[in-house]
Amino acid sequence: MIIAQLTDLHIKAGGKTAYAGKVDTFAKLQRAVEHLNAMRPQPDLVLITGDLGDFGRVEEYRQARQALDRLQMPFYLVPGNHDERQALRDAFADHSYLFQTDTHLSYVIEGLPLRLVGLDTSVPGKPHGELDGVRRDWLETALSQVQERRTLLFMHHPPVAVGLDHMDVQRLHGSDELATALLRHPQVELILCGHLHRPVEFIWCNCPVYVGSSHNHAVTLDLTPDAPSSFTLEPAMIRLIYLHPQSGMIMSHQSHVGGCDGPHPFFDEQGRLID
């Protein structure tokens with residue numbers, strides 16, 4: 001099983017560019033979709049971990065769908081801090097999983113080698129994430145129902161600070177509630193997040209946490225305390241989650257979007273290493 005992650009699309013209505021024309025988010029999404037469709041083997045599905053739109057408007061989601069609907073594999077989404085729940089539901093009304101709950105957009109996808117649990121960590125009008133009582137209870141129920149199935153939990157906000165101060169204040173607040181749930185449910189073997197616009201990996205509560213790479217613009221890698229908020233235009237990358245068919249291990253790979261030179265052979269036709 002191969003799962004691709006897209007995150008932090010930040011699409012604007014009409015395909016408008018972002019940050020005074022410096023970032024063409026729609027064009028970058030189109031290239032990411034083309035890249036995923038051209039992969040061999042193709043990913044089995046795509047998880048989109050939030051911030052599909054820049055201001056949470058239906059028009060932005062309709063614009064995003066012009067690219068996303070060209071994916072040759074199913075995709076599942078959770079909202080981020082830039083998204084608006086009802087507008088997201090309205091624009092993706094054919095995605096029935098978004099209607100499993102009433103007050104938030106959390107859901108479970110069954111029938112795959114990994115059970116997928118999408119958790120809505122968004123807080124309307126706020127940049128940080130939160131696991132309130134309603135969503136905490138929902139998550140506990142979802143994980144308790146099927147404890148024997150290997151599970152991947154995906155959400156927008158990372159649960160801990162990673163050293164990017166201006167982003168860390170926007171992390172998942174009150175993550176101790178999530179920590180308690182994870183310790184009770186070791187079938188959760190991986191947490192997939194977005195929000196940081198950077199690839200970050202760490203172990204938390206005995207569980208790997210992978211923060212998605214950026215196919216878009218990247219948050220500047222500056223670990224200086226109180227570093228200013230800024231972005232860079234780094235090479236576009238997409239994180240792939242690979243469930244190894246023999247070992248059963250869950251692994252992470254990075255796929256670079258765009259014109260890499262190669263592949264080139266290591267050996268000639270006689271099997272000799274090319275000098």
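A residue counts as buried when its relative accessible area is under 20%. I start with that cut-off. The model I am reading is predicted.

**Entry 1: Met155**

I looked up Met155 and asked: is Met155 buried or exposed? Its relative accessibility is 0%, so Met155 counts as buried. I found Met155 in the loop between strand S7 (151-154) and helix H5 (165-168). Next I listed its contacts, leaving out residues up to four places away in sequence. Met155 touches Thr49, Val78, Leu119, Thr121 and Leu172. The list goes on with Leu178, Ile191, Leu192, Cys193 and Gly194. I also took a distance to Lys22. Met155 and Lys22 are 133 residues apart in sequence. Their C-alpha atoms are 27 Å apart in space.

**Entry 2: the whole protein**

I stepped back to the overall fold. I counted six helices and 15 strands. The C-alpha trace spans about 65 × 50 × 45 Å along its principal axes. Then I checked the radius of gyration. For 275 residues, a compact globule would have a value near 19 Å. The protein has 19 Å, which agrees.

I noted that 55% of the 275 residues are buried. I turned to contacts with a separation of 6 or more. Of these, 65% are between residues 24 or more positions apart. The accessible surface comes to about 12,600 Å². Carbon and sulfur atoms hold 53% of that surface.

I looked at charge as well. There are 23 positive and 34 negative side chains. The centres of the two sets lie 3 Å apart.

**Entry 3: the nonpolar cores**

Which residues have the most contacts inside the largest nonpolar core? They are Leu6, Leu68, Phe92 and Leu152. That core has 52 residues. Another core, of 28 residues, lies apart from it. Among its members are Ala142, Met167, Leu172 and Ala181.

I followed Leu152 further, setting aside neighbours within four places in sequence. Leu152 is in contact with Ile3, Leu47 and Ile241. It also contacts the run Leu114, Arg115, Leu116 and Val117. Leu190 and Leu192 complete the list. Leu192 is familiar, since Met155 touches it too.

**Entry 4: helix H2**

I picked helix H2, residues 58-68. How many of its eleven residues are buried? Eight are, and the helix is mostly covered. I wrote down the buried ones: Val58, Glu60, Tyr61, Gln63, Ala64, Arg65, Ala67 and Leu68. Leu68 had already come up among the residues with the most contacts inside the largest core.

What do the buried residues of H2 pack against? I found three strands: S1 (2-6), S2 (45-49) and S3 (75-78). I also found helices H1 (25-38) and H3 (85-91).

**Entry 5: Ser122 and Ile109**

I went to Ser122, in the loop between strand S5 (115-118) and strand S6 (129-130). At 5% relative accessibility, Ser122 counts as buried. Leaving out residues up to four places away in sequence, it touches Pro79, Gly80, Arg85, Arg135 and His157.

Ile109 came next. It sits in strand S4 (residues 107-109). Its relative accessibility is 9%, so Ile109 is buried. Beyond neighbours within four places in sequence, Ile109 is in contact with Tyr76, Tyr97, Arg115 and Leu116. I checked Cys205 too, 96 residues away along the chain. The C-alpha atoms of Ile109 and Cys205 are separated by 23 Å.

**Entry 6: backbone exceptions**

Most residues other than glycine have a negative phi, and most peptide bonds are trans. I searched for exceptions.

Asp8 has a positive phi of about 55° and is not a glycine. Tyr19 also has a positive phi, near 55°. I found Asp8 in the loop between S1 and H1. Tyr19 is in the loop between S1 and H1 as well. Their cover is another matter. Asp8 is buried, with a relative accessible area of 1%. Tyr19 is partly exposed, at 41%.

Where are the cis peptide bonds I noted? One joins Arg40 and Pro41, with omega about -5°. Pro41 lies in the loop between H1 and S2. Another runs from Gly262 to Pro263, with omega near 5°. Pro263 lies in the segment after strand S15 (250-256).

How values were computed:
Residues numbered from 1 in each chain as written. Predicted model: local features only at pLDDT ≥ 70, side-chain atom pairs only at ≥ 80, totals over all residues. Heavy atoms only, no water. Helix = DSSP H or I, 4+ residues; strand = E, 2+ residues; numbered from the N terminus. Rg over C-alpha atoms; globule rule 2.2 N^0.38 Å. Buried < 20%, exposed > 50% of the residue type's maximum accessible area, 1.4 Å probe, protein only. Contact = heavy atoms within 4.5 Å. Areas by Shrake-Rupley, 256 points an atom, 1.4 Å probe, with all protein chains shown as cover. Lys, Arg positive; Asp, Glu negative; His and termini not counted. Charge placed at Lys NZ, Arg CZ, Asp CG, Glu CD. Core = buried A, V, L, I, M, F, W, Y, C linked by side-chain atoms within 4.5 Å.
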